[in-house]
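Okay, everyone, let me put this one on the screen. I'd like to talk about side-chain packing today.

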Amino acid sequence: DSTGAAFAATTAVGQRTLYLYPGIAETANTEVSRAVPPIWRIQADASSSAVYGDEPTVPKLESMVDEGLSPYAVNKQINELYARVYSRCYGIQCGGLRYFNVFGPRQDPNGAYAAVIPRWISALIKNEHVVIFGDGHQTRDFCHIDNVVQANLRAALVRDESVLNTQYNIANGECTDLNTLFATLREELGPVFPAVRERKVV
């Protein structure tokens, strides 16, 4: 539909699959899936590493969910809760995918949820300031979009019900601090944009 919240596909065995990427309102609309025969399966709930809040342990384990620090994080936690409740009460199967810091080609540096990598690349190329809050030792797990696509495809095609109805981290499994990220971007962009080599953070 026009919201991009969900789309349906029919498998070879005739089971209908509902691919749902919801906000809270769309998650509540899961009720529709219970009313439409045959059996529906919510294959992937798009969650986020934001559900871990201030939990300092690295690497993050799926059991470490903390108090949400933003409306976005709370929204994702509620989505996961809806998925568990509908699984328990109505037998709707769902796998939750917690995306970490996704990056890749054609990523918008100016969007409401613009990630640090496209934002910094854009700033470096345009000779704008690159700002790091704090000492730059904060770490992130940066996950390339190819990994996310692979995870989504596997979630969409899985037939082993024992791996459904739970959450999975979609991440690279490595920590990169912001100072290292800046140095790496500067080095990679340098051959094409020589002036970038002289840039420093603010």
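**Rings and cores**

So, Tyr 52 and Phe 100 are both buried, meaning under 20% relative accessible area with a 1.4 Å probe, protein chains only; over 50% is exposed, and in between is partly exposed. Before I go on: this is a predicted model, where local features need pLDDT of at least 70, side-chain atom pairs count only at pLDDT 80 or more, and totals for chains, interfaces and linings use all residues. Numbering runs from 1 along each chain as its sequence is written, and side-chain values use heavy atoms, with hydrogens and water left out.

Now the next two rings, Trp 120 and Phe 182. How do they sit? Their centres are 6.2 Å apart and their planes at 80 degrees, so this is an edge-to-face pair. The rule is ring centres within 6.5 Å, using the six-membered ring for Trp; planes under 30 degrees apart are stacked, over 60 edge-to-face, the rest tilted. Trp 120 is in helix H4 and Phe 182 in helix H6, 62 residues apart; helices here are DSSP runs (H or I, at least four residues), strands are E runs of at least two, numbered from the N terminus. Both of these rings are buried too.

Trp 120 also turns up in the largest nonpolar core, which has 13 residues. A core means buried Ala, Val, Leu, Ile, Met, Phe, Trp, Tyr and Cys joined through side-chain atoms within 4.5 Å. Which helix gives the most to this core? H6, with five residues. A separate core has eight residues, including Leu 97 and Cys 143.
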